[in-house]
Amino acid sequence: MRKKNIVTLKKMAFELGLSISTVSRALNDHVDISNETKEKVKAHAIKVKYAPNLFAKGFRSHKSNIIGVIIPNIEHQFTATLLKGIIYNADLNGYKVIICESFNNEQKQAELLETMVQFGVDGVLLSLVKKNTDVDDILQMMQHIPLILFDRVSAKVPCTQIVIDDEEAAFKAVDHLINIGKKRIAIIKETESSILSEKRFAGYLKALKKHQIELDESLIMSCDSVTIEEGKKLAKVLVGLQHKPDGIFAITDEAGIGAMQVLKKNKIKIPEDIAVVGFSNSVYSTIISPKLTTIDQPGNRIGEVAIKYLIDEINSDTVINYKTIEIKTNLIVRGSTFKSPKRKLK
């Protein structure tokens with residue numbers, strides 16, 4: 001394999017007959033360098049396709065204009081909207097983004113945090129793994145660079161956090177099911193180790209309590225990962241019950257869609273026999289029939305706000321007052337809970 005021809009400042013300086021410092025200052029429009037020299041150096045840089053080493057530059061200036069983002073799972077459609085909000089707004093402010101996936105593994109998350117510091121990023125946006133038992137590695141990283149938590153957060157980490165009110169959003173979803181006449185409402189959630197899942201479960205319980213509906217343990221369905229396949233699996237259990245539910249609240253759209261597929265396969269009418277509500281307002285919620293009623297979780301907005309606060313911290317010379325920023329959610333009512341009246345033929 002042929003060795004790569006890497007263009008360095010040293011090589012450009014030799015070719016131009018200038019010192020390395022003169023070439024560097026010319027590229028950075030230093031006032032001590034004449035316009036003639038600047039034009040000569042920049043023209044040569046374009047000719048030889050010179051690309052500056054951002055990490056070396058950041059090491060010298062103590063600022064890389066690079067932000068690290070660590071997320072637990074890159075496959076979710078909600079994650080894609082988050083990242084879009086982060087990348088777009090980072091670019092508007094002159095920052096590049098490095099994205100890493102922790103695979104919901106706490107040890108991997110710790111390794112990535114250390115790597116971010118070694119890379120010299122200016123700050124980190126972190127969405128915690130599902131089972132985050134130790135925050136020491138996070139606290140240690142915060143001694144070096146700013147950190148903001150988003151989506152999956154922890155009260156144990158003293159930093160600004162960008163969240164939604166998961167409990168209130170889930171309450172809205174179940175309250176809606178009850179208001180359309182449903183009384184036996186099942187929930188498809190994650191196991192108890194998930195903070196987000198437990199908040200949404202608390203919202204479910206709150207709605208039942210408000211309407212004085214007794215909790216039926218047989219309607220609580222838990223799994224490790226609320227995917228379409230798990231939604232199918234748990235929905236099969238629900239339709240096999242002697243006393244079937246008349247409503248299902250799934251804490252993700254994926255699980256809700258999986259449940260709907262099983263209901264349709266078993267000739268169960270949606271929403272007349274069993275109504276279904278999901279969570280996140282993913283693109284998948286609008287391509288199934290009937291369309292899925294869901295909680296709109298604005299990932300793009302969450303990403304936009306997270307990057308704004310991180311950049312503010314990076315550029316601040318004063319002590320930061322940490323805060324929790326709550327992004328508003330809305331219930332989007334569609335066909336899985338509301339049957340449109342048939343039009344009369346003229």
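A cavity, as the word is used here, is a set of grid points inside the protein where a 1.4 Å probe fits but cannot get out. With that in mind, let us walk through this predicted model, starting from its empty space.

**The cavity**

Searching the whole structure turns up 1 cavity of 30 Å³ or more. The largest cavity holds about 40 Å³ of space. Its lining is made of Asp-151, Arg-152, Val-153, Val-163, Ile-164, Asp-166, Ile-195, Leu-196 and Lys-199. Which helix gives the most to this lining? That is H9, with 3 residues.

**An aromatic pair in H9**

Helix H9 covers residues 195-210, and it is worth a second look for its rings. A pair of aromatic rings is described by the distance of the centres and the angle of the planes. Across the whole structure, the search finds 1 aromatic pair. The partners are Phe-201 and Tyr-204, which are stacked, with 5.8 Å from centre to centre and 20 degrees between the planes. Because these two residues are 3 residues apart in H9, about one helical turn separates Phe-201 from Tyr-204.

Are the two partners buried or exposed? Phe-201 has a relative accessible area of 13%, so it counts as buried, the cut-off being under 20%. Tyr-204 is buried as well, at 1% relative accessibility.

**Charges over rings**

Rings also meet charged side chains in this model, as the table shows.

| Charged residue | Ring | Distance to ring centre |
|---|---|---|
| Lys-206 | Phe-171 | 5.0 Å |
| Lys-308 | Tyr-309 | 4.7 Å |

In the Lys-206 case, the charged end of the lysine sits over the ring of Phe-171. Lys-308, for its part, lies over the face of Tyr-309.

**Gln-161 and its surroundings**

Now turn to Gln-161, found in strand S5, which runs over residues 161-163. Its relative accessible area is 7%, so Gln-161 is buried. What does its side chain reach? One partner is the backbone oxygen of Val-157, at 3.0 Å. Another is the backbone oxygen of Ser-154, which lies 2.8 Å from a polar atom of the Gln-161 side chain.

Setting aside neighbours within four places in sequence, Gln-161 is in contact with Leu-149, Val-153 and Ser-154, and also with Lys-323, Thr-324 and Ile-325. One of these residues, Val-153, takes us back to the start: Val-153 is in contact with Gln-161 and is also among the residues that line the largest cavity.

Terms used. Residues numbered from 1 in each chain as written. Predicted model: local features only at pLDDT ≥ 70, side-chain atom pairs only at ≥ 80, totals over all residues. Heavy atoms only, no water. Helix = DSSP H or I, 4+ residues; strand = E, 2+ residues; numbered from the N terminus. Buried < 20%, exposed > 50% of the residue type's maximum accessible area, 1.4 Å probe, protein only. Polar contact = N/O pair within 3.5 Å; in protein donor to acceptor, adjacent residues only side chain to side chain. Contact = heavy atoms within 4.5 Å. Phe/Tyr/Trp six-rings, centres within 6.5 Å; stacked < 30°, edge-to-face > 60°. Lys NZ or Arg CZ within 6 Å of the ring centre and 35° of its normal. 1 Å grid on protein atoms, 1.4 Å probe; cavity = no way out; pocket = protein on both sides within 12 Å on 5 of 7 lines; lining within 4 Å. Points joined across faces, edges and corners; volume = space filled by probe spheres on them.
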